[in-house]
Amino acid sequence: MKTLGKTILLAALAWAASAHAVFAPGEKVIVLNSGDGSISIVDPVSRKEEKRVPVGKEPHHLMATPDNKELIVANASSNDLVFLDPKTGDILRRVPGISDPYQIAYSPDRKWFVSASNRLDRVDIYHGADFRLAKRLPTGKVPSHIAFSADSKLAFVTLQESNEFITIDLGKQEIVWTMPTGKQPAGIWMTPDDRHLLVGITGESHLEIYDWRARRMVKRILTGLGAHNFVARGDGRHVFLSNRMANTISMVDQQTLEVKETFPVPGGPDCMEITRDGKQLWTTSRWIRMVTVVDLETKKVLHQIPVGKSPHGLYFQSHAPRQ
Amino acid sequence: MDPLTDFLLDAGAFATTLWAQIHAALFESVVQPAVFRLGMVTWLEGAFDATEIFMIGAFEIVVLAAVLGALEKWRPVETWEDRRPVRVDVAYTLLVRLGVLPLAIFFLLLPVVDGLDGWLRMQDFIPPKLEDAVPGLLAHPFASFLAYLVALDFVLYWLHRAQHGSGFWWALHAVHHSQREMTFWTDDRNHLLDMVITDLVLAIVALFIGVAPGQFVAIVAVTRAFESLSHANVRLAFGRVGERLLVSPRYHRVHHAIGTGHEGRAKGCNFAVLFPVWDHLFGTASPVREFPATGIRDQLEGRDYGDGFWRQQWLGLKRLAGRA
């Protein structure tokens, strides 16, 4: 028993040391509990929720500001943005008057801040510098995720219930073309070479790959039921895709446009973060009110951390590069 | 922390985890595959919430049946040999509390409310919320919940006044009041059109005061639990002070009383749903302190309001058309 005890202790110490190595001292993991309007502040070393703070109504997605100095939480039902300290999750300020912000994104040149109004079928374009509304664009049904061309001229937005994605010319601020897709497209991802758009087809079991300049689909790849959302592995080559209904995550090679592997992750995996060292994947498990941590070497679930209701977006500062 | 606080926190965490696991298991094994087969994946989150509404309803029914059923056995106001009318109310309760009717109404009303909301945004109008007026509520979810509970209860009071005051609406609302064997099951006995109108008004009010969907579910669950109690066939009052704070079975029974519940200047009395303060403020509180028989006066003269679910619904429509 003594040997077993020592082994467990050593393993725990090794984990703590590795967690410390990845995360900066005092750094927290920030999780949006969309169902109860709060953020969970999780300590990545002890793997415990330290506190739960009310943030607004229906916070679904979050992102860092382009200078990485603040973290923006989009409260869809509160019609506002809340800015947090990206390291600790402390609330810094609130920007009201942002209509139904569901998904949010800055254009690469930081000129535009785009917000998809999932419930009200609009895409709103704000000036990136001061959140002044530039254009409110009526769209098809249920606009969801957002991607951009590298030159910031075009924004691509999936329309989940119209089974298509739209392309918005950010200069003209109008929809310039529309592409039909499979059922309920959600996540949309631009490959680092700016050539292909990957679209997660949540109503089916695959992702679709589009040559957006030629405006045609070039490939369809099976991944898993409910193919949904993307995050970069950080090596410039691979991207992870969560399959919400299959309870799996697939890793896709963006050069060969093939699935390299698919591994199980329970509880309806949704948004993801990869640690800077590329060793861990953190994901929100929507249905089981947990954050799940996966070891990317063994593909085993390392930990499940209880958080609030319907956890959706998550963030930590020591994340892998976004491409 | 003291041992008792520790124990309560642990018990709370255990209950929350257990509830979440049941919710996830039910959703992933039954609801999610059905939603996928129906091609409604966009509604996945809504279906997840609906699954919990079903669970809350089922839990509520079991607890209310146990607690209020025991109260009704302990000190019943009335006893009946033929309990068939009560069984019809049980059917209403199952349809409402397990989410069948609310779900149908939700899909009916959603395009209306979202259409209105979307149109307002295009006019550069973002509906306000209580937190805009009282920013302190943002950091205090429970205070926010209470504020919205009181606000919606106030709206329900005036809706209830309109259900009695308008001849059109009374034709429908009479379904609820025609129960002469009133029990805790009676709360959900309503005409479907009455439910649609009430829910539409509530949804629009909720839009304009900023009730979040999660808050709305909690408010409805709490309100319904109290409404079940207030309809119970039990000789229970809350005392001189308590009767002014919260609607009791005695207080609400007077609202259902033959001869006093639907007559007079306001076409009734004791309209409050949760908080009697509205009746006292607007002069509709009844001084009656008894446990009268329930029903509508013209039932004594033989007017038929129907025995079964479909007959009650049909006669409601006929009254609306002036043909019953």
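**View 1. B:W158 sits in helix 6 of chain B.** This is a predicted model, where local features need pLDDT of at least 70, side-chain atom pairs count only at pLDDT 80 or more, and totals for chains, interfaces and linings use all residues. Residues are numbered from 1 along each chain as its sequence is written, chains are lettered from A and ligands numbered from 1 in the order in which they are written, and side-chain values use heavy atoms, with hydrogens and water left out. Helices (H or I, at least four residues) and strands (E, at least two) are DSSP runs, numbered from the N terminus. With a relative accessible area of 35%, B:W158 is partly exposed (buried is under 20%, exposed over 50%, partly exposed in between; 1.4 Å probe, protein chains only). B:W158 joins B:F154, B:V277, B:L281 and B:F282 in a nonpolar surface patch of about 430 Å². Patch residues have over 30% relative accessible area and no salt bridge, and nonpolar side chains (Val, Leu, Ile, Met, Phe, Trp, Tyr) are joined within 5 Å, like charges within 9 Å.

**View 2. Helix 2 of chain B reaches across to chain A through salt bridges.** A salt bridge here is a side-chain nitrogen of Lys or Arg within 4 Å of a carboxyl oxygen of Asp or Glu. B:E45 pairs with A:R286, the closest N and O atoms being 3.6 Å apart. B:E45 is in helix 2 of chain B and A:R286 in the loop between strand 25 and strand 26 of chain A, so this pair joins two chains. A:R286 is buried, at 0% relative accessible area. A second bridge brings together A:K309 and B:E52 (2.6 Å, N to O). B:E52 is buried too, at 7%.

**View 3. B:D188 and B:R97 meet in a salt bridge (2.9 Å, N to O).** The pair links distant parts of the chain, 91 residues apart: B:D188 is in the loop between helix 7 and helix 8 of chain B, B:R97 in helix 3. Both are buried. B:D188 and B:R97 also help line the largest cavity, along with residues including B:I61, B:F184 and B:W185.

**View 4. A hairpin in chain A is built from strand 10 and strand 11.** Strand 10 (residues 122-127) and strand 11 (residues 133-138) run antiparallel over five bridges; strands count as paired if DSSP finds at least two bridges between them. A:R122 stands opposite A:P138. Five residues lie between the strands, and in the turn A:F131 has a positive phi of about 60°.

Key. Accessible areas come from the Shrake-Rupley method with a 1.4 Å probe; for residues, only the protein chains shown count as cover. On a 1 Å grid over the protein atoms alone, a cavity is a set of points where a 1.4 Å probe fits but cannot get out, and a pocket is an open set with protein on both sides within 12 Å along at least five of seven lines; lining residues have an atom within 4 Å of a point.
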